[in-house]
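Visitor: Please take me through one part of this model in close detail. I would like the helix packing, with the residues that make each contact.

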Amino acid sequence: MGNSYDWCYVSGRVNVLDSSLLGDEFFRRIISSNTLQETHRVISDSPVKAYFPHTEDLHDTDSMLNRYYKDRITDISGSSPDPAVCDIFLLRYDFLNLKNYVKERILHAPYERHPLGKIPDDLWDALWKGEESSLPEIFATSVTLIKRNIGDGLSGVVIDSIIDNAYLCHILQKAEGIGSPMIENFIRKYQLVKGIEIIWRALSSGREPELIPELLFTISGLIEEELYSRLTHSPMDKWNQILMEIFPKERCERIFTGPTNDRLKRFIKETDDYLFQETKTPTYITFGPEQVFLYMLGFTREVFNLGLAIKGRINRIPSALIEERLRKVYV
């Protein structure tokens, strides 16, 4: 990763960009707007305005925000002495594209490529055919495991579980290579949270508990096997008690208070905000990859909130429902 002094320039840049990150009040203005013209006027008073020159562009929000995100991350990566920190934020899109590619092959679902993925489709073709490629071995391992399960009630949830597991193992390896204890510690917590989410989705789909370990542990690298095993074999009414050993009591209470069928959604939001809250602890690191990581974390949440708020208004979703799904931000 090089000397931390090499990060002086880009650290200074992201410190300036931090001041332009959008705050809670901005997103409330979007979701309280009464017309798309009013929504556009709010957007026009922000750094994202160049991507929405016309009101009708709001109907293409996903495409516009993907451009916004890609342009910013390309700019920051180009200013960094090593692109590895920014690459962490793009990694999930390659695994998302692999999931969609495999689902087309097996389930005949339309393949929709996410534009933020970096791996070209011809490498997915080579991977599927078992040909040698330049891809990390974990991609081939996950595809081999999926093929092994074909004909055994293979569903989209199983495909998701296997590839999500591979992603969580790979992102930790990438974080370890950066050489920052703060970034590595965050990714380990992220891996823990998303591992629980994989189990929750698999159980909700009706997958038998004894089959779940194969989806999680055949690809080694997850660091909380004992916890995952406890959750897999515990009834849902015991999960609150188990999760309170890991997460703050008040967050667990918010997860398990309310409609049962919305618990997973509440878990995703509450744990996502919990992880973000953990980054607010002062690191006393003036410059280094940590500064870039923290900025990209905040910027990623900004883009998520923009998409949620704009599309929520377009689809006339009640403001209260949109606001309760917004992610916490730095400002």
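Guide: The answer starts with the whole chain, then turns to the helix pairs and two single residues. The model is predicted.

The secondary structure comes to 16 helices and 0 strands. There are 331 residues, and a compact globule with that count would have a radius of gyration near 20 Å; this protein has 21 Å, which agrees. Along the principal axes, the C-alpha atoms fill a box of roughly 55 × 50 × 40 Å. Buried residues account for 47% of the chain. Take the contacts with a separation of 6 or more: 66% of them join residues 24 or more positions apart.

Now the close look, at helix α5. Two packed helices are described by the angle between their axes and the distance between the axes. Helix α5 spans residues 84-107, and helix α8 spans residues 156-178. Their axes come within 10 Å and cross at roughly 160°. An angle over 145 degrees counts as roughly antiparallel, so α5 is roughly antiparallel to α8. The crossing is right-handed. On the α5 side, the contact is made by A84, V85, I88, L91, R92, F95, L98, K99, V102, K103, I106 and L107. On the α8 side, the residues are G156, I159, D160, I163, D164, A166, Y167, H170, I171, K174, A175 and I178. By class, this contact holds 16 nonpolar, 2 polar and 6 charged residues.

Helix α5 also packs on helix α7, residues 137-149. Here the axes are 12 Å apart, at an angle of about 30°. An angle under 35 degrees counts as roughly parallel, so α5 and α7 are roughly parallel to each other. This crossing, too, is right-handed. From α5 come F95, L98, V102 and I106; they meet I138, F139, S142, V143 and I146 in α7. The classes are 8 nonpolar, 1 polar and no charged residues. F95, L98, V102 and I106 of α5 also take part in the contact with α8.

Next, a pair further along the chain. The axes of α13 and α14 come within 8 Å and cross at roughly 160°. These two helices are therefore roughly antiparallel to each other. α13 passes α14 in a right-handed crossing. R251, R254, I255 and F256 of α13 make the contact with R263, R266, F267, E270, D273, Y274 and Q277 of α14. That contact divides into 4 nonpolar, 1 polar and 6 charged residues.

Two single residues complete this region. L275 lies in α14, which covers residues 263-278. Its relative accessible area is 3%, so L275 is buried. Beyond its neighbours within four places in sequence, L275 is in contact with F186, K189, Y190 and V193. F256 sits 19 residues from L275 along the chain, and the two C-alpha atoms are separated by 18 Å.

M244 is found in the loop between α12 (239-243) and α13 (249-256). M244 has a relative accessible area of 33%, so this residue is partly exposed. Leaving aside neighbours within four places in sequence, M244 is in contact with K249 and C252.

Conventions: Residues are numbered from 1 along each chain as its sequence is written. This is a predicted model: local features need pLDDT of at least 70, side-chain atom pairs count only at pLDDT 80 or more; totals for chains, interfaces and linings use all residues. Side-chain values use heavy atoms; hydrogens and water are left out. Axes are lines fitted to C-alpha atoms, for helices over the stretch in contact, and angles run from 0 to 180 degrees between N-to-C directions. Helices (H or I, at least four residues) and strands (E, at least two) are DSSP runs, numbered from the N terminus. Angles under 35 degrees count as roughly parallel, over 145 as roughly antiparallel, 65 to 115 as roughly perpendicular and the rest as oblique. A crossing is left-handed if the near helix is turned anticlockwise from the far one by less than a right angle, and right-handed if clockwise. Contact means heavy atoms within 4.5 Å. Ala, Val, Leu, Ile, Met, Phe, Trp, Tyr, Cys and Pro count as nonpolar, Asp, Glu, Lys and Arg as charged, and the others, Gly among them, as polar. Buried means under 20% relative accessible area, exposed over 50%, partly exposed in between (1.4 Å probe, protein chains only). The radius of gyration is taken over C-alpha atoms; the globule rule is 2.2 Å times the number of residues to the power 0.38.
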